[in-house]
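Thanks for making the time this morning. I would like to walk you through a few local features of one model, and then we can talk.

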Amino acid sequence: MDFKSHQISETTQLRLFKDMLLSRLIEEKMLILLRQGKISKWFSGIGQEAVAVGLTASLDEDEFILPMHRNLGVFTGRNIPLYRLFSQWQGKLSGFTNGRDRSFHFGSKEHHIVGMISHLGPQLGVANGIALSHLLRGDKKVTAVFTGEGATSEGDFHEALNIAAVWDLPVLFCIENNGYGLSTPTAEQYRCENLADKGPGYGMESHIVDGNNVLEVYSKVSELAADLRDHPRPVLLEFKTFRMRGHEEASGTKYVPQNLMDHWAAKDPLENYTQYLREAGILSEALEVAYKTEIAHRINDHLEKAFSEDPVVFDETKELNDVYYKYDYKHIEKNIEVKNIRLVDAISEGLNLSMARHSNLILMGQDIAEYGGVFKVTEGFLETYGKERVRNTPICESAIVSTAMGLAINGMKAVVEMQFSDFVSSGFNPIVNYLAKVHYRWGQPADVVIRMPCGAGVGAGPFHSQTNEAWFTKVPGLKVAYPAFPEDAKGLLATAINDPNPVLFFEHKGLYRSVYGDVPEGYYTIPFGKAAQLREGNRLSLITYGAGVHWALEALDEMGLTDVDLLDLRTLCPLDLEAVFRSVRKTGKVLLLQEDTLFGGVMADVAAQIGEHCFESLDAPVKRVGSLEMPVPFARSLEAGFLPQSRLRSALEELWAY
Ligand SMILES: Cc1ncc(C[n+]2csc(CCOP(=O)(O)OP(=O)(O)O)c2C)c(N)n1
């Protein structure tokens, strides 16, 4: 191992030693506590300390690092008080997640650290978002993100590198190649010789670094970081190292050949470095002992503090209140002047006004810039707001959602256009696992709106016609809006963008150009969680949303049913259950109409709530009408049979007569 050729001051060399020693001694202490049953799980980074320690020391303190589960050295390198780390691992309040998440699954903005989620890959896209926010603000900052070699097989790795390359984002993508992903050796994980070989495939510079040599890590990263600050671009780094213990302690290392273990044991980053420092006369025996004693005391003191802290207590209100970022809705009244426009125009106008209002709002989506989006919602935006804020993206739904998350972590707002809501399945993971949970876990705003052109009735077949709101209403932490009218769409979109929580904003593309309405001029907001009472009646409640509203209006008019209470839910999360109950208690009969297939749809829950809360007011069974339990078919005749319109009239008749 070559330590001698690096031109690094003795002070820094000693700092790196002390940082690695701290990391190693904490690791060893954790192994003891694990054996004593005092902590539940430990992902050991023993033998890999040089990577996290060297990298952290080489970046500025206000540059973000996004570590993984074996990067203790990032946290200690940023001087996080140890008792807070220990409390975090014990699920206590002094940790970073109020006991809500475990191990290294947390971040600390104060320390410019954004921790991982279990799914590994989304971390890479989040780094892109943070780097993009710096780039847009003109900050000369580098962002570093870690991944294991195993997680490079995830699509998120490819997507994140691709986006960073296309957008010249100053991100250091750091692969910590420790030989195994759980029990899977590299030969079963990928076919190329080195993962660094993938860099040129993305048009990206890449380097292989000896991850067991802290001076090499420090020199290389310092040199690259300095260059990237002035010449923003992504760089792929492959740190070669080895995992000396089990994936997590309990799983052992039986599957690792002994000769490999021996080979890497001889390359231990701390032992070799210590030897070099002693021989170079930089580290005296007395100093080494002093460091060890001081660190051991520090660890013990902080452990005592963490152990003496009371376990976290469950308080239902507190837990539920923290699922969403607290947002005080600001009502902005509608202008009395209106113009008659289509749903698509209203959405475009709403988005445009929000772009003018929020200079930190970034739009991202496929073909949204010059082309204006496939539905032309962003037509002309590029000319007004420029390429930096109106961003065409590669076809990378997952990493774009993660990028939006990274923008939000660093104080920006994002609206992501799914070209069709069907394609959100390719970006599902970061929405339901990152955006939805990040506030509850460690208090971050997921200030992201995902626009979802959805719905059938347009002869577009199984992959361009779904209405998939129920995929998201199930997930605590997300909000879901589904307007039926131009006026509502414009005001609700403004609210969605103001709200720092993640919002799935459904736009029925069958209504885009067929539904017109008088839309107030200028900017206004409409609150979430307030259903619209479209018609008042006493004989029957008809409750619906989206295209269902228009089907309901048409059916009621054609059938001449006037004494009907018609509610448009407008937002599905939050849901205006009060309005639902009020209506059902008045009429005693309710028909719930949705475009989605019935099982597990939004109306299944509305029906259950009515059953629980309005049972004594009901004069008839709660009736649901929805699409048939099948994919959305292409041919018009098949699609008509699938959709609920044809069954709506008979259901209404039946309930009317009940
Ligand atoms: C999407 C996903 N699939 C599987 C897992 C289970 N899992 C957790 S860590 C891990 C191995 C990761 O290997 P690598 O990325 O090389 O990191 P290392 O643990 O070696 O540091 C696996 C399979 C997961 N957390 N997320």
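Pro574 sits in the loop between β19 (571-573) and α22 (577-587), where helices (H or I, at least four residues) and strands (E, at least two) are DSSP runs numbered from the N terminus. The peptide bond that leads from Cys573 into Pro574 is cis, with omega near 5 degrees. This is a predicted model, in which local features need pLDDT of at least 70 and side-chain atom pairs count only at pLDDT 80 or more, while totals for chains, interfaces and linings use all residues. Residues are numbered from 1 along each chain as its sequence is written, and side-chain values use heavy atoms, with hydrogens and water left out.

A second backbone feature is Leu120, which is not a glycine and yet has a positive phi of about 65 degrees; Leu120 belongs to the loop between α4 (82-89) and α5 (122-137). For background, most residues other than glycine have a negative phi, and most peptide bonds are trans.

Now to the ligand: which residues are closest to it? Of the 14 residues that surround the ligand (a heavy atom within 4 Å), the closest are His69, Arg70, Ser118, Gly150 and Tyr180. As for polar contacts, meaning pairs of N or O atoms within 3.5 Å, where within protein one must be able to donate a hydrogen and the other to accept it, and residues adjacent in sequence count only if both atoms are side-chain atoms, a side-chain N or O atom of His69 is 2.8 Å from a ligand oxygen. For the side chain of Arg70 the corresponding distance to a ligand oxygen is 2.7 Å, and for a polar side-chain atom of Asn178 it is 3.0 Å.
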